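Colleague: I should like a close look at a single part of this model, namely one helix and the helices packed against it. Please explain how the packing is described and then place that part in the rest of the chain.

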Amino acid sequence: MGALFATSCGLLMLQVALTKVFSVVLWYHFGFLVISIALLGFAMSGVWLARRPEWLDENGARRLWRPAAVAAVLIVVGLWIALHTRVDAMHLIEDRNQGGLLVVMAVLFAPFFFLGKAVSATLTVHRAEAGKVYAANLLGSGAGCGLAVVLFDALHLSASEVAIASGGLVALGALLYALGTSIWGQFVTAVLCAGFVALGVFDGLRDSQFTLYPPDSKPLARVVEWLETNSPSRVEFKASAPGGARTELIHGEITETDTPGVFSARSVKGGTVEARLLPPEEADLVSFGEGGYVKGVHGIDDFVDFREWTSLSRVDVFDWPEVYGAWGLWGLSSNYSGPQPRQVGITIDTWAMTNVMEWDRTDGAAPPEIVEWLPASLVHRLVSDHDVLCIGAGGGMDLLTAKRFGAKKIVGVEINPSVVKGVREQALDFQGRLYDWDNDGDDGTIEVHVAEGRHWLERDTTKYDIVQLSGVDTASTTQAGAFSLSENFLYTREAFGTYLEHTNDGGFVTLTRWFLPDSDGLPRNTLRLFVLAWNALQDAGIEDPSRHVVLVESNGFSVVIFSRTPFAAEQLASLDEAGAKLGVRTLYHPDRDSDYVLPGGTASNIVARPFDDYATAQDKVSWLAAYPYDVAAPTDDRPFFFETSRFDPKFVTNRDSWITPLGGLTSHAILVILLLVLTAVSWLFVIGPLLRLRREVRAEEGHRVPLAPLLVYFGSLGLGFILVEVVLAQKFVLFLGNPVYSLAVVLFSVLVFSGIGSAVAPRLGRPWIALAIVAAIAGVYPLVLDTVFDLTLQLPDAARIAVSVALLAPLAFFMGMPFPLGLARLADADPRATAWAWGINGYTSVIGSVLTIVIALMAGFTMVVWIGAGVYVLALIASPFLGRGVSAPEPESSEESVPWRDPVAFE
């Protein structure tokens, strides 16, 4: 049991680690692909075992160390190959590098195949004790989930290091399998464990061979490219130097200034860096010995000033090279002609980038003027002496803007603790100490909280004059797993209602988003943003929101401003004046027609002026249904703001449904392709071989073995479990306030309590009882969870975690029973039946991992859970036909054993 526990622990850790690897070296929406690869490996291992009965008898226990040992080796080998196979998923078709992606998938599939082989063979060999064995599997998986979070959040290990640690656990499992069964196995696995220890100790070798490089389409890759043609150096100023102790990156030639003994060089961020070097005793810089005052920078890892891994993401903080111009000035007016700011860049998983703009507060200087030329600053023209809440504070751009406009109180909320930590450690003085907890050097007007924005706001009782969100995206894998593809609870109808509720009378909500119409000019996300604001105003009791919202666009970015109070004439005049200065284009204005007119717009396509057309439509439901894209307001049950394609006949022929404006595949396209590929591969390598095996069995027996109940029962368990489990991880995100808590609490609770349920399952005996309870609880959960969450939202974190565990425990407890009870029904049958059951269970789990997202996109989370409950009902119907269960031991017979000797077990 200890061997299976350790192997299962390493298996789950590997899945979590690889989602982070994919998020960095591919793109964040490939994180959920790991689940599909893993489940496919499990399914194919079951097929392999079904055709190798010699692995499934009592002597098979002596071989169990082998697949575990091979898996441990393949984890390291596969990881190395994956990291050295450069694939840019954004330009996969353009680069014709589909083969590279297939290589990555293949090398990471291999360890899951052997891990599945070890687990499935263990369950089969010890099928008479299926409850205890399956409990060890689930409890080990739960421990692996918790351990992965600890390694990321407490020790801040990298994704590569966590993956390697998972291999070490699998190697330990192989050693435990070998104990008492194979001397040779004990020697091999002991050497293997020693190898993993060495790999952990010698970090130089590990770091050089397992570095995660971003693809060329990510911002951090531009820094890597710059480093290939430049040779920057690092200098460290002494505390006694002007400006105090600090580190600067310089490049180019170092020259002496007109002041004797003072030298200067170009700063990577822009501008010049000056330091006195002569006489040496008065030098401003720290000496690096033989290297002098400068230390060469070698590679991106050396260039980055701050890097931290958590279960949420990897965060890098670095000097943004001035050659690339300012980054993150969303929609900066073309009329701005002033100086460009120096910046420190921050990337999340090497992609989602925020920045820190320099604010030199010497002599009481105000924040840089450039922020006044950002369209996000328009809302500050409508109020004065105001309180501002900035959700998604990032590097502090919105806080800096509020400070420029004299806000009385500024509150920032940032979900990623590493972003705030990186700013505080590397750019606190550079940004004017906005993120100084003690407000050192400030007047106490700014406070920053590390929390999920909406959850924090729903627990906050304060009202604000401005609630602002600027470009807040889900752009890294979350611990919620599969739905990192596209979900965002900040952009739902309920969320917008919360924002409005937390504004004072006359207060405003404003959001900034990309403005990315399709190739015909049809707006998508921006129109959906407008619809969301409109619906939220109606939900707030405003019958006609036409004078409560303004929408503008500037250089590819749209800004919506809306309020429970209608815009006064002087406020609109102020916006018009500022808009004219910035050169913005009006998309919707209460007093005049939109500036945005589609070329060739006619009454037949109802979108000549799409924003005005929606505002004036009498039947808005019909208008939205007729619009070429899904721009209806997302809800908490269907929070897919970024997914505007529809699964309809037009989807196949509409290029914009497949290709994003940035040139990559849309999420809908990825889902369709992945579902087709996984279905074909699974059928070819799972169901096909199982059907051939069935024909062989029929030939051996001379009659057909009725395996339909086995197919329905174990297939339903695989599909139902993943449908319910993945959605529960999402349902608890808002309640617990952080994806970290959602993963740790939901997945850990489900696995652990399922393991406990599996251990006591033999006492229940009848699987239909557990299945009926699971179906009933799953059917009721969507109806009661929101009410419970509302009643307990204000409780402390520990109490909310306890409530979550209490809610999850009953369902998880009974979800752990059907699988071992089903295996027990097959105990008298040929051992291959158990491997077959494992293969079928894995097959439906593979399809379910993608089907879950498809159903959620089309019908919402509630429908996914209800379908999951219905699938468990199918298993309930099939359960009486599985067989009689474990029978009493029979006298030994000299007759040669016959495969499938107990066909009754399948009837």
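Modeller: The account below begins with the whole chain, turns to the chosen helix, and then moves outward again.

The model is predicted. Its chain has 907 residues, and 60% of them count as buried. The secondary structure consists of 28 helices and 17 strands. If one takes the contacts between residues at least 6 apart in sequence, 73% of them join residues at least 24 apart.

The chosen part is helix α24, which covers residues 767–792. A general point helps before its neighbours are described. The packing of two helices is stated through the angle between their axes and the distance between those axes.

The first neighbour is helix α21, residues 708–731. The axes of α21 and α24 come within 12 Å, and they cross at roughly 20 degrees. Angles under 35 degrees count as roughly parallel, and α21 and α24 are therefore roughly parallel to each other. The crossing of α21 past α24 is left-handed. On the side of α21, the residues that meet α24 are Tyr713, Leu717, Leu728 and Lys731. On the side of α24, their partners are Pro767, Leu771, Tyr781, Leu785, Asp786 and Phe789. Sorted by class, this contact holds 8 nonpolar residues and 2 charged residues, with no polar ones.

The second neighbour is helix α28, residues 861–878. Here the angle is about 165 degrees, and the axes lie 9 Å apart. This makes α24 roughly antiparallel to α28, because an angle over 145 degrees falls in that class. The crossing of α24 and α28 is again a left-handed one. From α24, the contact is made by Trp768, Leu771, Ala772, Val774, Ala775, Ala778, Gly779, Pro782 and Leu783. From α28, it is made by Thr862, Val865, Trp866, Ala869, Tyr872, Val873, Ala875 and Leu876. The residues of this contact divide into 15 nonpolar and 2 polar, and no charged residue takes part. Leu771 belongs to the contact with α21 and also to the contact with α28.

One residue of α24 shows how sequence and space can be compared. Val780 is found in α24. Along the chain, Val780 and Ala869 are 89 residues apart, yet their C-alpha atoms are 9.5 Å apart in space. Val780 has 42% relative accessibility and so counts as partly exposed.

The two neighbouring helices also lead to the interior of the model. The largest nonpolar core has 152 residues, and those with the most contacts inside it are Val21, Phe22, Phe714, Leu728, Phe732, Leu811 and Tyr872. The largest share of this core, 14 residues, comes from helix α1, residues 2–25. A second core, separate from it, has 52 residues, including Ala352, Val383, Ala393 and Ala402. Two names in the first list have already appeared: Leu728 in the contact of α21 with α24, and Tyr872 in the contact of α24 with α28. Val21, in turn, touches Leu26, Leu79, Leu83, Ala159 and Leu212, when residues up to four places away in sequence are not counted.

Helix α26, residues 818–825, is mostly covered, with 8 of its 8 residues buried. Among them are Phe819, Leu821, Leu823 and Arg825.

Other parts of the chain show local details of the backbone. A cis peptide bond, with omega about -5 degrees, joins Leu278 and Pro279. Pro279 is placed in the loop between β4 and β5. Asp385 has a positive phi near 50 degrees, although this residue is not a glycine. Its place is in the loop between β9 and β10. Arg433, likewise not a glycine, has a positive phi of about 60 degrees. Arg433 lies in the loop between α12 and β12, and its relative accessible area of 23% makes it partly exposed.

A final example comes from strand β2, residues 246–256, where Arg246 is found. Arg246 is partly exposed, at 29% relative accessibility. The residues it touches, apart from those up to four places away in sequence, are Val235, Glu236 and Phe237. Arg246 and Asp429 are 183 residues apart along the chain, while their C-alpha atoms are separated by 9.6 Å.

Conventions: Residues numbered from 1 in each chain as written. Predicted model: local features only at pLDDT ≥ 70, side-chain atom pairs only at ≥ 80, totals over all residues. Heavy atoms only, no water. Core = buried A, V, L, I, M, F, W, Y, C linked by side-chain atoms within 4.5 Å. Buried < 20%, exposed > 50% of the residue type's maximum accessible area, 1.4 Å probe, protein only. Helix = DSSP H or I, 4+ residues; strand = E, 2+ residues; numbered from the N terminus. Contact = heavy atoms within 4.5 Å. Axes fitted to C-alpha atoms, helices over the stretch in contact; angles between N-to-C directions. Parallel < 35°, antiparallel > 145°, perpendicular 65-115°, else oblique. Left-handed = near helix turned anticlockwise from the far one by under 90°. Nonpolar A, V, L, I, M, F, W, Y, C, P; charged D, E, K, R; others polar.
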